[in-house]
Amino acid sequence: MSRFLSGRLQSLQAYVPGEQPKVSGLVKLNTNESPFPPAPGVAEAVKNAAARLQLYNDLKSEKLVRLLADTYGVKENQVAVSNGSDEMLAFAFQAFGGGGLAFPDITYGFYSVWANLFGLDAKIIPLNGRFEINPSDYRKLDRCIVIANPNAPTGKALRRDDLMEIAECNPDSVVIVDEAYADFASRPDVSALGLAPQWENVLVVRTFSKSRQLAGARLGYAIGHEKLIEDLNRVRFSFHPYNVNALTQAAGAAALEDPEYFEKCRKAIMENREWTRAQLLSLGFRVMDSEANFLFASAPGLGGAEYQRRLRERNILIRYFDQPRIRDYVRITIGSREQMEKLIEATKEILA
Ligand code: PMP
């Protein structure tokens with residue numbers, strides 16, 4: 001740290017992303033990426049966009065926003081796009097978190113980092129003993145509520161009706177629903193996306209990083225009431241108007257134009273998740289129900305750190321969080337069937 005760093009930032013605990021080693025042959029199940037390549041049309045679309053990079057990108061991301069609005073049956077002014085959903089969440093925290101925030105103790109680690117960075121008071125609400133959000137803990141909080149649904153790293157999901165009840169009990173606050181993983185939900189009652197625009201105070205934030213195989217392109221979006229979208233754009237234009245670059249806009253549009261590929265990849269992940277879950281259960285693991293592209297699991301007789309270390313020795317990366325309540329657990333991203341078979345083989349060796 002230099003002696004010039006602003007006082008407020010000196011105690012900031014930055015977010016620690018999962019490692020991204022460049023080692024060949026690694027089975028990488030630690031950052032919830034897709035094991036599949038982008039949709040076949042993406043590379044050509046990016047190449048065409050690259051020929052016009054001397055120009056600034058479209059400030060309105062017109063094509064991308066139109067395709068998102070068509071895909072989800074909402075109006076274009078009910079959609080905003082961002083440089084990864086991390087950026088959208090940061091915009092939303094700034095826009096709606098002035099009166100304070102509330103989120104669970106075990107959830108996406110970036111929420112508390114942004115709260116500190118932006119100087120927003122955060123009320124931390126413990127998950128119940130089954131690692132679930134108890135909707136009645138979120139009544140009349142009078143502050144902006146942030147819920148990852150499905151939650152990370154547990155993978156458990158609230159019912160959309162419970163989310164709407166939370167919104168109803170907090171009419172003067174925005175409820176931000178982070179649906180980074182909602183495309184992988186097998187239960188049909190999870191996503192609030194279709195309802196959000198009719199609610200004055202519900203904002204759904206999503207990403208192309210997981211279910212649309214574009215983590216490296218950095219593309220996120222929000223869907224909600226047009227006034228909330230207008231507020232997000234006010235923050236964007238006060239910070240970084242050209243936030244979604246031309247290559248990413250082209251990549252995102254091409255991905256949306258191939259719904260069959262999206263479905264195929266999504267289904268494969270969901271099937272591999274259930275296969276892996278059954279395998280882990282048969283090996284004596286505790287595994288939480290997951291509606292996401294990862295499993296939160298605890299190995300029999302092994303702490304999370306130890307299981308992660310022993311897999312790493314075998315070139316398999318998973319994620320461990322050194323955090324109270326969850327030290328027995330690890331988060332395992334669902335990859336291809338071949339990757340999951342390697343994980344299970346290595347786990348059998350470790351347990352033997
Ligand atoms: N929300 C949750 C719950 C996440 O796990 C992640 C991925 N780390 C994000 C948001 C951000 O994803 P991205 O910025 O790649 O869209």
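This passage describes the ligand site, the largest pocket and the largest cavity of a predicted model.

Because the model is predicted, local features need a pLDDT of at least 70 and side-chain atom pairs count only at pLDDT 80 or more, whereas totals for chains, interfaces and linings use all residues. Residues are numbered from 1 along each chain as its sequence is written, and side-chain values use heavy atoms, with hydrogens and water left out.

The shell around the ligand, taken as residues with a heavy atom within 4 Å of it, consists of Gly84, Ser85, Asp86, Leu89, Tyr108, Asp178, Ala180, Tyr181, Thr207, Ser209, Lys210 and Arg218. Helix α3 (residues 84-96) contributes the most to this shell, with four residues; helices (H or I, at least four residues) and strands (E, at least two) are DSSP runs, numbered from the N terminus. By class, the shell holds four nonpolar, four polar and four charged residues, where Ala, Val, Leu, Ile, Met, Phe, Trp, Tyr, Cys and Pro count as nonpolar, Asp, Glu, Lys and Arg as charged, and the others, Gly among them, as polar.

Several pairs of atoms link the ligand to this shell. A polar backbone atom of Ser85 is 2.7 Å from an oxygen atom of the ligand, an N or O atom in the side chain of Thr207 is 2.6 Å from a ligand oxygen atom, and a polar side-chain atom of Ser209 likewise lies 2.6 Å from an oxygen atom of the ligand. The protein buries 91% of the 410 Å² that the ligand exposes when taken alone, with accessible areas from the Shrake-Rupley method and a 1.4 Å probe.

The ligand sits in the largest pocket, in the sense that more than half of its atoms lie within 2 Å of the pocket's grid points. On a 1 Å grid over the protein atoms alone, a pocket is an open set of points with protein on both sides within 12 Å along at least five of seven lines, a cavity is a set where a 1.4 Å probe fits but cannot get out, and lining residues have an atom within 4 Å of a point. The volume of the largest pocket is about 1100 Å³. Of its 47 lining residues, Tyr15, Val16, Tyr108, Gly109 and Arg319 are the closest to its centre. Helix α4 (110-117) gives the most to this lining, with five residues.

The structure also holds one cavity of 30 Å³ or more, and the largest cavity has a volume of about 40 Å³. Its lining is formed by Ala39, Ser211, Arg212, Gln213, Ala255, Asp258, Tyr261 and Phe262.

Notes:
Polar contact = N/O pair within 3.5 Å; in protein donor to acceptor, adjacent residues only side chain to side chain. Points joined across faces, edges and corners; volume = space filled by probe spheres on them.
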